[in-house]
Amino acid sequence: MSVAAHFSEAYGRPPVAVWAAPGRVNLIGEHTDYNEGFVLPLALDRRTLVAAAPAEGATTVRSSREAEPVAFAAATVVPGEVTGWAAYVAGVVWAFREAGLPVVDLDLFVEGDVPVGAGLSSSASLECAVAVALAELTGTALDLTEVAQLARRAENEFVGAPTGGMDQMAAMHGVADRLVFLDTRSDQVELIPFALAAHGLRLLVIDTRAPHRLVDGQYGARRADCAKAAELLGVPALRDATADSVETLADERLRRRARHVVTEDERVLEVVDRLRAGKDPRTIGPLLAASHASMRDDFEITVPHVDVAAAVAEEAGAHGARMTGGGFGGCVIALVDTETGDRVTDAVTGAYAERGWDAPVVFDAVAADGAGRA
Ligand code: GLA
């Protein structure tokens, strides 16, 4: 049944329309966004769909994944009042109000195929889909970056997750066959060609399904380390530090954290240079591998499931592989020749079986368009 049909069944009338926003994978540039650095994600062809129509008296959110609807008042909802998955919806409504934009109560039905809890930004896709629906239904003209900033505010200040802005910007600015090169200091976007099939390449997403561990606390701890390192170096953000300057940090842990961020920014810029110049995308493989090593050894955000997937993928012929997203589980991406993809998938699946781990779920990353009418 379509999301519009679900809406009609639940609310007894059809929706005005269906809006959608994609999940993302990040090709390279991890934990650089809250350091005012560079990221290079792509929007996936997996999306969150939101069917919506104005309602009287209250906003109601339903999903085929959830037994119970959640209700709140658009005019008064505040942080803490709505928790769980519906907080991403209520947070967007609240962020509009905080920005002085009009809000209305809505009936909403949410569905989608962005895996939840896999580090593919299902939450940002939900926020952005709700934001474009609310903007259109209130007749509010916003550009892509303004929507992304409202969605991020919902995530940071309503949900309370201290993330950077990459995921929402990717969900809004994504374009088919393009990477979203984002300078997170200026929020300037440049679309970079990424037509893999034309080069005989695939980008595999290996969802490791690693058991989750303390993700929130660890993410905040990394943020705090980066802020401390920037303060000690006397720069506004680690984006302004140099590879040489971070080696002067006396604290060993802070030195490694800062080294990751500075070298990761350099790797993003190098990947962008190569792709912009039309070089064979295979040449970025070693930079993906170096990014993974930096996350493993310096930033310490990988876990055995992702380390094994990245290492085995490269042994089986991937040009480069790295964890993507916030860390402590989630997904690994692997750049592979079209004909090598199945061998890489089989090798990682086999390595997991040998260790008694659940099989990974592997699919192709297809760079798709950002949020809008479905
Ligand atoms: C999560 C956050 C992003 C970013 C990545 C790490 O996805 O939501 O803002 O910090 O982790 O690169």
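These legends walk through close-up views of a predicted model with its ligand.

**View 1. Two domains make up the protein.** An automatic or database assignment divides the chain into domain 1 (3–192) and domain 2 (194–364). Where the two touch, domain 1 contributes 35 residues and domain 2 contributes 42 residues to the contact. Their C-alpha centres are 25 Å apart.

**View 2. The ligand lies between the domains.** Here is the ligand in its setting: the largest pocket is where it sits. Domain 1 (3–192) and domain 2 (194–364) each supply residues to the surrounding shell, so the ligand lies between them.

**View 3. Meet the residues around the ligand.** With the numbering in hand, you can pick out Arg-24, Glu-30, His-31, Asp-33 and Tyr-34 in the shell. Further along the sequence come Thr-163, Gly-164, Met-166 and Asp-167, followed by Tyr-219, Gly-325 and Gly-326. Sorted by class, this shell holds three nonpolar, five polar and four charged residues.

**View 4. Polar side chains reach ligand oxygens.** Which distances are worth finding on screen? Start with Arg-24, where a polar side-chain atom lies 2.8 Å from an oxygen atom of the ligand. For Glu-30, the distance from a polar side-chain atom to a ligand oxygen is 2.7 Å. Tyr-219 also places a polar side-chain atom by a ligand oxygen, at 2.6 Å. As for cover, the ligand on its own has 300 Å² of accessible area, and the protein covers 93% of it.

Technical notes
Residues numbered from 1 in each chain as written. Predicted model: local features only at pLDDT ≥ 70, side-chain atom pairs only at ≥ 80, totals over all residues. Heavy atoms only, no water. Near = heavy atom within 4 Å. Polar contact = N/O pair within 3.5 Å; in protein donor to acceptor, adjacent residues only side chain to side chain. Areas by Shrake-Rupley, 256 points an atom, 1.4 Å probe, with all protein chains shown as cover. 1 Å grid on protein atoms, 1.4 Å probe; cavity = no way out; pocket = protein on both sides within 12 Å on 5 of 7 lines; lining within 4 Å. Sits in = over half its atoms within 2 Å of the grid points. Nonpolar A, V, L, I, M, F, W, Y, C, P; charged D, E, K, R; others polar. Contact = heavy atoms within 4.5 Å.
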